[in-house]
Amino acid sequence: MRIAVLADIHGNVLALDAVLDDLKQRGGADITVNLGDCVSGPLWPRETMERLQALGLPTVRGNHDRRVARDPADESMWPSDRYAQERLTSAQRQALLGLPLTLEIAPGVIAFHARPDHDEKYLADAIVDGQLVRAPLAAIKRRLKPLDPACRLALCGHSHRNELIRIPGGPVIFNPGSVGCPAYDDDTPPAHVSEQGSPHARYGIVELRDGRPSRFEAIAVDYDHEAAAKQAEQAGRPEWAHALRTGFMKD
């Protein structure tokens, strides 16, 4: 079985289309799973949502999906969430809110956005000097405790950082990186940034043999990131534009 893994599209329909085109050129997949954070961002939230609804991919709920769907549009709402909320229909927002926290994609293959029991807490990351780095193995194992012991492969996103971690006596964790948002800053204490280091659209492919993960591909696809950056600038978000052009938050 061949599983394509998408995560953290963040309203970047240009990056999504580039990833889907690349996947088609590589022979497609038996299942394509979407790990959430579909539309939040100053880009094309409605167009992205329409594309995803037409595709009908198995999808889990990200923290920004929940926030876009449910949070009040006041001064406390993050600008990217408000931008998306204002452009989605009520039905689209309800569709986001109705997404599950976890999905079993295949026997022993569990998909979730951040952690199996939480859509906003990091699984494989720690914050050190304002940057996301890999967390200690003991912390990752502790965070995986809510996961079904039969899980062989855990697919997650949220951090926008590609990760492949084999847990001794446990599952393999695979994070494909972000399709549409190569860097972000989070001022929630402790404030930190995540930076992929290039503007490419990221996704992954996993091959299962006899029900076990046997091969992983972490793929970076070029696309018209300049057009995405200009869209962010038009929406008044120069920091997003810089991230889309460079994969970093600052020079």
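Me: Two strands pair if DSSP finds at least two bridges between them. In which sense do strand β7 and strand β9 pair?

Reply: This is a predicted model, in which local features need pLDDT of at least 70 and side-chain atom pairs count only at pLDDT 80 or more, while totals for chains, interfaces and linings use all residues. Residues are numbered from 1 along each chain as its sequence is written, and side-chain values use heavy atoms, with hydrogens and water left out. Helices (H or I, at least four residues) and strands (E, at least two) are DSSP runs, numbered from the N terminus. Ala 154 stands opposite Ile 173 in β9, and the 3 bridges between β7 (residues 153-155) and β9 (residues 172-175) are in the parallel sense.

Me: Which strands stand at the edges of the open sheet of 5 strands, and why is one side of each left without a neighbour?

Reply: Reading across this sheet, the order is β3-β4-β7-β9-β8, and the pairing is mixed. An edge strand has a single partner, so one of its sides has no neighbour in the sheet; here these are β3 (102-106) and β8 (163-166).

Me: By how many degrees are neighbouring strands of this sheet turned against each other on average?

Reply: Axes are lines fitted to C-alpha atoms, for helices over the stretch in contact, and angles run from 0 to 180 degrees between N-to-C directions. For the strands of this sheet, direction is ignored, and the average turn between neighbours is 20°.

Me: What is the bridge partner of Glu 104 in β4?

Reply: Look at the β3 edge, where 4 bridges join β3 to β4 (residues 109-112) in an antiparallel run. The two strands form a hairpin with 2 residues between them, and Gly 108 in the turn has a positive phi of about 80°. In β4, Glu 104 is matched by Ile 110.

Me: Which are the edge strands of the open sheet of 4 strands?

Reply: The order in this second sheet is β2-β1-β12-β13, again with mixed pairing. Its twist averages 20° from one strand to the next. Pairing on one side only marks the edge strands, β2 (31-34) and β13 (212-221).

Me: How many bridges join β12 to β13?

Reply: β12 and β13 make a hairpin with 2 residues between the strands, in which Asp 210 takes a positive phi near 55°. Leu 208 has Pro 213 in β13 as its bridge partner. The two strands run antiparallel, and the bridges joining them number 9.

Me: Which residue in β2 does Val 5 stand opposite?

Reply: Strand β1 (residues 2-6) runs parallel to β2, with 4 bridges between them. Opposite Val 5 is Val 33.

Me: Across which strands does α1 lie?

Reply: Contact here means heavy atoms within 4.5 Å. Helix α1 runs at about 35° to β12 (201-209), and the strands it lies across are β1, β2, β12 and β13.

Me: How does α1 stand to α2, roughly parallel or roughly antiparallel?

Reply: The axes of α1 (residues 13-25) and α2 (residues 45-55) come within 9 Å and cross at roughly 30°. Angles under 35 degrees count as roughly parallel, over 145 as roughly antiparallel, 65 to 115 as roughly perpendicular and the rest as oblique. The crossing angle therefore makes α1 and α2 roughly parallel.

Me: Which residues of α1 make the contact with α2?

Reply: From α2 come Glu 47, Thr 48, Arg 51, Leu 52 and Leu 55. On the α1 side, the contact is made by Val 13, Leu 16, Asp 17 and Leu 20.

Me: Which two residues form an aromatic pair?

Reply: Rings of Phe, Tyr and Trp (its six-membered ring) pair if their centres lie within 6.5 Å; planes under 30 degrees apart count as stacked, over 60 as edge-to-face and the rest as tilted. A search of the whole structure finds 1 such pair, and it is tilted, at 5.3 Å centre to centre with 55° between the planes. It links strand β9 with strand β13, across 42 residues of chain. The partners are Phe 174 and Phe 216.

Me: What is omega for the cis peptide bond that joins Pro 189 and Pro 190?

Reply: Pro 190 sits in the loop between β10 (183-186) and β11 (192-195). Those strands form a hairpin with 5 residues between them, paired in the antiparallel sense over 4 bridges. For the cis bond from Pro 189 to Pro 190, omega is about -5°.
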